[in-house]
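Take a look at the chain below and turn it around a few times. Then let's walk through its parts together.

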Amino acid sequence: LSVAGNTSGCYGESTTLTASGVTNFTWSTGGNNAAISVTPNTTTTYTVNGTNNAGCPAPPVDVTVTVNALPVVNLGVDTTVCDSIVLDAGPNLNSYAWSTGASSRDLGVFNTGSYAVTVSNALNCLNSDTIDIVVNATVPVDLGVDQSICPGTTVTLAPTAGGFGNFNWSTGANGGSISVGNTGTYVLSVDDANGCPSSDSVAVLVFAALSGDIGNDTLICDGQNVTLD
């Protein structure tokens, strides 16, 4: 009595064990055919007994089917991101095959869609995972061009377009606009309608104060001239 078949495989795979040398078979699984198909979840030993036509028993044969673990791959839960995301299929694997055709460990994603990867380990066992990504393009906030103002005046700074929330100015203000009268660079950070962050800055220059001096009060005689500068 002998048994042939693949005795090593990956988790979830089936293998066929085929006994020969006798005419009647009894497997530990309860099967009575020469061949049985098994899908063990862990390494398992199967025993087959057999007799010939005369009813004489052959020594039983034990066959151990080794189950190799699948590689671990986890792309995470479905998610919504701003602009892009990098997916990581995990370290120390033999190969990576993305649904995009890429074969690297990491994959940069810039468009909404479903992304899948199949990986293999040193034992050539395969595993895969899929993730759905929604990519929202960030709407940039724009404070317009730099401003120049006269001393003693102010300028109002605000985004040139609406639709933003969570205003945070570098001055500490959190309203939709601010009025400033000092030279400096002012930064605004906001969230767009999708919650994606954006920022912009604008420079304000306050001109130097002008001064004029035409001298002291002057007394002249009738018919004389004086030059004022």
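Here is a short tour of sheets, disulfides, a salt bridge and two residues.

## Before we start

This is a predicted model, where local features need pLDDT of at least 70, side-chain atom pairs count only at pLDDT 80 or more, and totals for chains, interfaces and linings use all residues. Residues are numbered from 1 along each chain as its sequence is written, and side-chain values use heavy atoms, with hydrogens and water left out.

## The two open sheets

Strands of a sheet pair through backbone hydrogen bonds, either parallel or antiparallel. The strands named here are DSSP runs (E, at least two residues), numbered from the N terminus. Two of them pair if DSSP finds at least two bridges between them.

One open sheet has four strands, in the order β8-β13-β12-β10, and its pairing is mixed. At its edges sit β8 (79-82) and β10 (95-98), each pairing on one side only. From one strand to the next, the twist averages 30 degrees; such angles are taken between N-to-C directions, run from 0 to 180 degrees, and use axes fitted to C-alpha atoms. Inside this sheet, β12 (residues 113-120) and β13 (residues 126-136) run antiparallel and share eight bridges. Look for Ser114, which stands opposite Asp132 in β13.

Another open sheet has three strands in the order β1-β3-β5, and here the pairing is antiparallel. Its edge strands are β1 (2-4) and β5 (35-38), each with pairing on one side only. On average, neighbouring strands are turned by 25 degrees against each other, direction ignored. Strand β3 (residues 15-20) is joined to β5 by four bridges, and Thr16 faces Ser37 in β5.

## Strand β7 and its partners

Now find β7, which covers residues 57-68. Strand β2 (residues 8-10) pairs with β7 in the parallel sense, over three bridges, with Thr66 of β7 as the bridge partner of Ser8. Strand β6 (residues 44-51) pairs with β7 too, but in the antiparallel sense and over seven bridges. There, Thr47 has Asp62 of β7 as its bridge partner. The hairpin of β6 and β7 has five residues between the strands, and in it Gly55 takes a positive phi near 85 degrees.

Is Asn68, in strand β7, buried or exposed? Asn68 is buried, because its relative accessible area is 15% (buried means under 20%, exposed over 50%, partly exposed in between, with a 1.4 Å probe and protein chains only). Its side chain makes a polar contact of 3.2 Å with the side chain of Ser8. A polar contact is a pair of N or O atoms within 3.5 Å; within protein, one must be able to donate a hydrogen and the other to accept it, and residues adjacent in sequence count only if both atoms are side-chain atoms. Beyond its neighbours within four places in sequence, Asn68 is in contact (heavy atoms within 4.5 Å) with residues including Cys10 and Cys125.

## Two disulfides

Those two cysteines are worth a stop. The structure holds two disulfides, each a pair of cysteine sulfur atoms within 2.5 Å. One joins Cys10 to Cys125, with 2.0 Å from S to S. Cys10 is in strand β2 and Cys125 in the loop between β12 and β13, 115 residues apart. The torsion about this S-S bond is about -90 degrees, so the disulfide is left-handed. Cys10 is buried at 9% relative accessibility, and Cys125 is buried at 0%.

In the other, the sulfur atoms of Cys82 and Cys196 are 2.1 Å apart. Cys82 lies in strand β8 and Cys196 in the loop between β18 (184-191) and β19, so the pair ties together parts that are 114 residues apart in sequence. This link is left-handed as well, with -95 degrees about the S-S bond. Cys82 is partly exposed at 28%, whereas Cys196 is buried at 0%.

## One salt bridge

How many salt bridges does the structure hold? Just one, and it brings together the side chains of Arg105 and Asp88, at 2.7 Å from N to O. The term means a side-chain nitrogen of Lys or Arg within 4 Å of a carboxyl oxygen of Asp or Glu. Arg105 sits in the loop between β10 and β11 (106-109), and Asp88 in strand β9 (residues 85-88), 17 residues apart.

## A look at Asp200

Finish in strand β19 (residues 197-206), where you'll find Asp200. Asp200 counts as partly exposed, because its relative accessibility is 21%. Its side chain reaches the backbone nitrogen of Leu143 at 2.7 Å.
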